[in-house]
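I opened this notebook to record what I looked up in one protein model. The entries follow the order in which I went through it.

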Amino acid sequence: MINEIISSVVYVAQTTWNYLSINLFHRGVDIIEAPLNTPDMLWMLLPLLATLLLMEFYFGRYKDKELGWNTAFGNILVLMFISIDLFRHLYEPSGQSAIQFIASASNIKLIVPLGIAGLALLLMLVDFFHFLPKKIAYILSSPAYVNLIGLLGIIIVYATIPLDWTTIFACVILFVIANLISLLLYYIIPSYKPTISKILTVEDIEKYGEELSKKKSDKKKD
């Protein structure tokens, strides 16, 4: 009995390790290499990647800046535009009407643009009506999250990578890794300090900070 249990545990461990080290790893490599093998997607990927990096550098430089509800709402519109392009990419070769194409569900990858559009619509409602606390809403609508979802969606739809559980797991892992890298960039980028802080004493800086805080609170009251 004990030997059977040990054999089962060893088999499960070996199978899991083989899946992670071979199937999942190679699928992740395929996703990363997909833009090189399918250059057509670069027209969509490069602007998103540039926006992602530049926004991370901006908020890393100005760590006291807040995203804002209007900017969060605008970020989500990007996801909606991406979903429309992905639907176009799948729909044009079919030769069917849009309703027939959706009803036939002949391409499983149709799930990707529909899923992104559904997520975009949900987050648009959240940002428009302020349903969630702003800290949570700003994270969900941040350039890192929005652009990474868009990047992965474009790669899956444009490339010949099959949409299965291995692809989904690989995308989740790549999403987490990319977010950790963006978080690292946020903390290692030197923060901006006003020139005046370089010549004032500690007491002057504190007084200067209090005056700025007072001005901000007065503006909010107005």
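**Entry 1: charged side chains**

I began with Asp-85, which counts as buried because its relative accessibility is 14%, below the 20% limit for that class. I note here that the model is a predicted one. I then looked up the partner of Asp-85 and found that its side chain meets that of Arg-88 in a salt bridge, 3.0 Å from N to O. Asp-85 and Arg-88 are three residues apart in helix H3 (residues 69–91), so about one helical turn separates them. Arg-88 is partly exposed, with a relative accessible area of 32%.

I followed Arg-88 further. Its side chain also meets that of Glu-92 in a salt bridge, at 3.2 Å from N to O. Glu-92 counts as exposed, at 52% relative accessibility. I therefore recorded Asp-85, Arg-88 and Glu-92 as linked in a network of salt bridges, with Asp-85 buried and Glu-92 exposed.

How many salt bridges does the structure hold? I found three. One of them joins Arg-27 and Asp-164, whose closest N and O atoms are 2.8 Å apart. Arg-27 lies in helix H1 (residues 2–37) and Asp-164 in the loop between H7 and helix H8 (165–188), so this pair ties together parts that are 137 residues apart in sequence. Arg-27 counts as buried at 14% relative accessibility, whereas Asp-164 counts as partly exposed at 28%.

**Entry 2: the fold as a whole**

I next looked up the elements. The protein has nine helices and zero strands. Of its 222 residues, 30% count as buried. I also noted the exposed surface, about 14900 Å², of which carbon and sulfur atoms supply 69%. Among contacts between residues at least 6 apart in sequence, 79% join residues at least 24 apart.

**Entry 3: aromatic rings**

I searched the whole structure for aromatic pairs and obtained ten. Among them, Phe-128 and Phe-129 form an edge-to-face pair, with 4.9 Å between centres and 75° between planes. Phe-129 also pairs with Phe-131, and this pair is stacked, at 5.5 Å centre to centre and 25° between the planes. I looked up the accessibility of these rings: Phe-128 counts as exposed at 53%, Phe-129 is partly exposed at 48%, and Phe-131 counts as exposed at 57%. Ring pairs link Phe-73, Phe-128, Phe-129 and Phe-131 into a cluster.

I then turned to His-130. This residue sits in the loop between helix H5 (111–129) and helix H6 (134–140). Its phi is near 55°, a positive value in a residue other than glycine. His-130 is partly exposed, with a relative accessible area of 42%.

**Entry 4: Ala-144 and Leu-54**

Is Ala-144 buried or exposed? I found that Ala-144 counts as buried, at 6% relative accessibility. Ala-144 belongs to helix H7 (residues 143–158). Leaving aside residues up to four places away in sequence, Ala-144 touches Leu-52, Glu-56, Asn-179 and Ser-182. I checked Asn-179 in particular: Ala-144 and Asn-179 are 35 residues apart in sequence, and their C-alpha atoms are 6.9 Å apart in space.

Last, I looked up Leu-54, which is found in helix H2 (residues 42–61). Leu-54 is exposed, with a relative accessible area of 58%. The C-alpha atoms of Leu-54 and Pro-143 are separated by 9.6 Å, although the two residues are 89 apart along the chain.

Methods. Residues numbered from 1 in each chain as written. Predicted model: local features only at pLDDT ≥ 70, side-chain atom pairs only at ≥ 80, totals over all residues. Heavy atoms only, no water. Helix = DSSP H or I, 4+ residues; strand = E, 2+ residues; numbered from the N terminus. Buried < 20%, exposed > 50% of the residue type's maximum accessible area, 1.4 Å probe, protein only. Contact = heavy atoms within 4.5 Å. Areas by Shrake-Rupley, 256 points an atom, 1.4 Å probe, with all protein chains shown as cover. Phe/Tyr/Trp six-rings, centres within 6.5 Å; stacked < 30°, edge-to-face > 60°. Salt bridge = Lys/Arg side-chain N within 4 Å of Asp/Glu carboxyl O.
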